[in-house]
Amino acid sequence: VRSRAMELPSIDKVNGESSSMRVILPFVDMCNHSSSANVRLEAAEDGVRLVSIRKLLENEPILLDYGMRDLASLVRSFGFV
């Protein structure tokens, strides 16, 4: 189980190809999953950013879309289904 590890998308600066790496992001890993996410994760020069997709309401939970995965992948990647 790689619980609490997330896929961080990135762009290779040399050849412009997209790739990803598995990272542990304190606090970001506590965001709940939703297919109707209200933020997205972006790689940045100085780390990562959570970028809102729309205006968030006060006290609204921050929701990330973990992506379409089968149950086995959810267990391996996040430790739950």
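The following conversation goes through a predicted model and asks why its parts are described as they are.

Colleague: How many helices and strands does the protein chain have, and what pattern do they follow along the sequence?

Modeller: The protein chain has one helix and six strands, and along the sequence these follow the pattern β-β-β-β-β-β-α. Buried residues account for 28% of the 81 residues in the chain, while the accessible surface comes to about 6,000 Å², with 56% of it belonging to carbon and sulfur atoms.

Colleague: Why is N38 called buried?

Modeller: The relative accessibility of N38 is 0%, and buried means under 20%, so N38 counts as buried. This residue sits in the loop between β3 and β4, and, leaving out residues up to four places away in sequence, N38 touches V51, S52, I53, R54, L56, E60, P61, I62 and L63.

Colleague: What makes the approach of the N38 side chain to P61 and to L63 a polar contact in each case?

Modeller: The cut-off for such a pair of N or O atoms is 3.5 Å. A polar atom of the N38 side chain lies 2.9 Å from the backbone oxygen of P61, and the side chain of N38 also reaches the backbone nitrogen of L63 at 2.8 Å. Both distances, 2.9 Å for P61 and 2.8 Å for L63, therefore fall within the 3.5 Å limit.

Colleague: How do you know that R54 and E60 form a salt bridge?

Modeller: The N to O distance between the side chains of R54 and E60 is 2.4 Å, and a salt bridge requires a side-chain nitrogen of Lys or Arg within 4 Å of a carboxyl oxygen of Asp or Glu, so the pair qualifies. R54 is itself partly exposed, because its relative accessibility is 40%, which is in between the limits of 20% and 50%.

Colleague: Which other pairs meet the salt-bridge rule?

Modeller: E42 forms a salt bridge with R40, their closest N and O atoms being 2.8 Å apart, and the side chains of R49 and D46 meet in another at 3.9 Å, which is within the 4 Å limit. The count by this rule comes to three salt bridges.

Colleague: Are the partners R49 and D46 buried or exposed?

Modeller: D46 has a relative accessible area of 67% and is exposed because this value is over 50%, whereas R49, at 44%, counts as partly exposed.

Colleague: What makes Y66 eligible for the largest nonpolar core?

Modeller: Membership requires a buried residue of a listed nonpolar kind, Tyr among them, and Y66 is buried because its relative accessible area is 14%, under the limit of 20%. The core has 10 residues in all, namely M6, L8, V23, L25, V28, C31, V39, L41, L64 and Y66. The elements that give two or more residues to this core are β1 (5-11) and β4 (39-44). Y66 itself is placed in the loop between β6 and α1 (71-78), and V28, another core member, touches M6, L41, L50 and L64 when residues up to four places away in sequence are not counted.

Colleague: Where in the chain is N32, and why is N32 called partly exposed?

Modeller: N32 is found in strand β3, and its relative accessibility of 45% is in between 20% and 50%, so the residue counts as partly exposed. Leaving aside neighbours within four places in sequence, N32 is in contact with I62, L63, L64 and Y66. The C-alpha atoms of N32 and L63 are separated by 5.0 Å, although these residues are 31 apart along the chain.

Colleague: Why are F27 and N59 both called exposed?

Modeller: F27 has a relative accessibility of 66% and N59 has 73%, and exposed means over 50%, so each counts as exposed. F27 lies in the loop between β2 (18-24) and β3 (32-33), whereas N59 lies in the loop between β5 and β6.

Colleague: What is the phi of each of these residues, F27 and N59?

Modeller: F27 has a positive phi of about 75° although it is not a glycine, and the phi of N59, likewise a residue other than glycine, is positive and near 70°.

Note on methods:
Residues numbered from 1 in each chain as written. Predicted model: local features only at pLDDT ≥ 70, side-chain atom pairs only at ≥ 80, totals over all residues. Heavy atoms only, no water. Core = buried A, V, L, I, M, F, W, Y, C linked by side-chain atoms within 4.5 Å. Buried < 20%, exposed > 50% of the residue type's maximum accessible area, 1.4 Å probe, protein only. Helix = DSSP H or I, 4+ residues; strand = E, 2+ residues; numbered from the N terminus. Contact = heavy atoms within 4.5 Å. Areas by Shrake-Rupley, 256 points an atom, 1.4 Å probe, with all protein chains shown as cover. Polar contact = N/O pair within 3.5 Å; in protein donor to acceptor, adjacent residues only side chain to side chain.
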